[in-house]
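Biologist: I should like to ask for a close look at one part of this model, namely its disulfides. Please explain them in terms suited to a first-year student.

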Amino acid sequence: MANRFFFCIFLLFVTESIAQNCECSAVLATYIQKTEANYAGFQDKVTAQTRPRYERLLDSLQTAARDLPGDKQCFQLVRAYKRFFKDGHFQVYFNEPEVVVPIRSISMDETKAKAYFDANKDKLHPLEGIWEIADGSYRVALMRDPQQPDKMAAVVLAAQNKKWQVGMVKFEAAASGLSPYKGVYWAGDLTSSPRTFSLEGNLLNIPNSGYWARQYPQKATPDELAKAQQAEEEFHVKAIDKQTFYVRIPSFGISFEMVDSVLKAHDATIRNSPHLIVDIRDNSGGMNASFPAILKYLNTHNFRDVYSHFRSTPDNLKAEQNIIDKALTQGWISAKEAKPWQESLAKSRLKVGQMVEYPADTMSYGEVLPYPQKVAVLMNENCYSSAEYFVFYAKQSKKVTLFGNHTGGMMDYGNVREHELPCKNFELRLPTTRTGWVDYAPIDNIGFQPDVQIPSSEKDWIKFVQNYWQSK
């Protein structure tokens, strides 16, 4: 497999020192300069037809940036610049200066909380109830804040973390409006950060915290609990029955060795199962390196990669060398695996200023396994980057049917690298490679389409696939 897509979402932090300059004009100018010099999609996005619109945008943003400090108002201009490119791998961030928000306490325990919910059962806010995080480490009473009525407060009822005591407010959210609610969350180390709180029936999804399930006055359904648990699970496999083997891959941030070792332990069962389900729902990407261990079960006539181009610039070359060194030092890859990657980089050094083409490779297998005969790949709109690259390979197999919803559409340009900016509160991450399918079938903002759409009302996707196969 070509190493140019080995790390599709791993980011490299450039460490050279740049003088701090937080004037908005300087920040914006650096974003523009770095993008024009290094972004692999720039020539596709800024063409003869779009250049007038691009230059009008620059004029308006540069005018608006005058006399502004490098703050959140400036970041809105940066986001407007980023939106022009319509590329999810083109990433900009603003890091708020850290603000310490003190933790409050509210006198509350399980008995008092249940009495409150029972007494107000006909007028409870949609968020109200007793909630427990998926791993069971925190249990809270989420209720209208008696100290601040415009907010909801999650008061700790029980916590495994000894830093947290009963009565402390774990998070708070705005009481008005609709989901997702905005608020503040306090982590295990007592530090705070802004968060959103998405209500999904009896589940509460909190980014970087995970799912919480409602326990009272109504309890999360078995399907809801299964969804919360699934989100917490790592890569795992199981035999569903004598006909079907199941592989769950929530992230491709796992090594070939891990995938290979697990699948080898179940190899005999997989080879005797007529059906295989590979579930990559909500997989946001990672590394392509783990693919070969799975693709051998999908193989019908080998897998053909697509050619790509690397934008050879001093910044991108340095970033690529640094990430190779980091991958070797931290054991992500072996010296043998790194060799073709280094050879590609050496080739690119001879062509600075060019889009250097890497030819398509073929992933060959010595056999086509009689079993599994049918393979389902479960995917949805939260599949990005390397997950989409897996779908690209899976589509080439005659055994595979794609089930679910379209993928997220974020793989036309990849291998994201970070560029340090004058103001440390701002971040810029740019794709350095261009996938060959941009020339004939781009997927950004479109995604790969399923062969069989699964209705949004369907809760059990695995059962849906089994019923589909039985009907054929």
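Which residue forms a disulfide with cysteine 22, and how far apart are their sulfur atoms?

Modeller: Please note at the outset that this model is predicted. The partner of cysteine 22 is cysteine 423, and the two sulfur atoms lie 2.2 Å apart. A pair of cysteine sulfur atoms is called a disulfide when they are within 2.5 Å, which is why this pair qualifies. In general terms, a disulfide is a covalent bond that links the sulfur atoms of two cysteines.

The torsion about the S-S bond of cysteine 22 and cysteine 423 is about 85°, and the disulfide is therefore right-handed. Cysteine 22 is found in the segment before α1 (24-38), whereas cysteine 423 belongs to the loop between β19 (413-419) and β20 (426-435); the pair therefore ties together parts that are 401 residues apart in sequence. As for exposure, cysteine 22 is partly exposed, its relative accessible area being 24%, while cysteine 423 is buried, with a value of 0%.

By the same distance rule, the count comes to two disulfides. The other joins cysteine 24 to cysteine 74, with an S to S distance of 2.1 Å. Its S-S torsion is about 90°, so the disulfide between cysteine 24 and cysteine 74 is right-handed. Cysteine 24 lies in helix α1 and cysteine 74 in helix α4 (residues 72-83), so this pair connects parts that are 50 residues apart in sequence. Both cysteine 24 and cysteine 74 are buried.

When the bonded cysteines of the protein chain are numbered in sequence order, the pairing reads 1-4, 2-3.

Notes
Residues numbered from 1 in each chain as written. Predicted model: local features only at pLDDT ≥ 70, side-chain atom pairs only at ≥ 80, totals over all residues. Heavy atoms only, no water. Helix = DSSP H or I, 4+ residues; strand = E, 2+ residues; numbered from the N terminus. Buried < 20%, exposed > 50% of the residue type's maximum accessible area, 1.4 Å probe, protein only.
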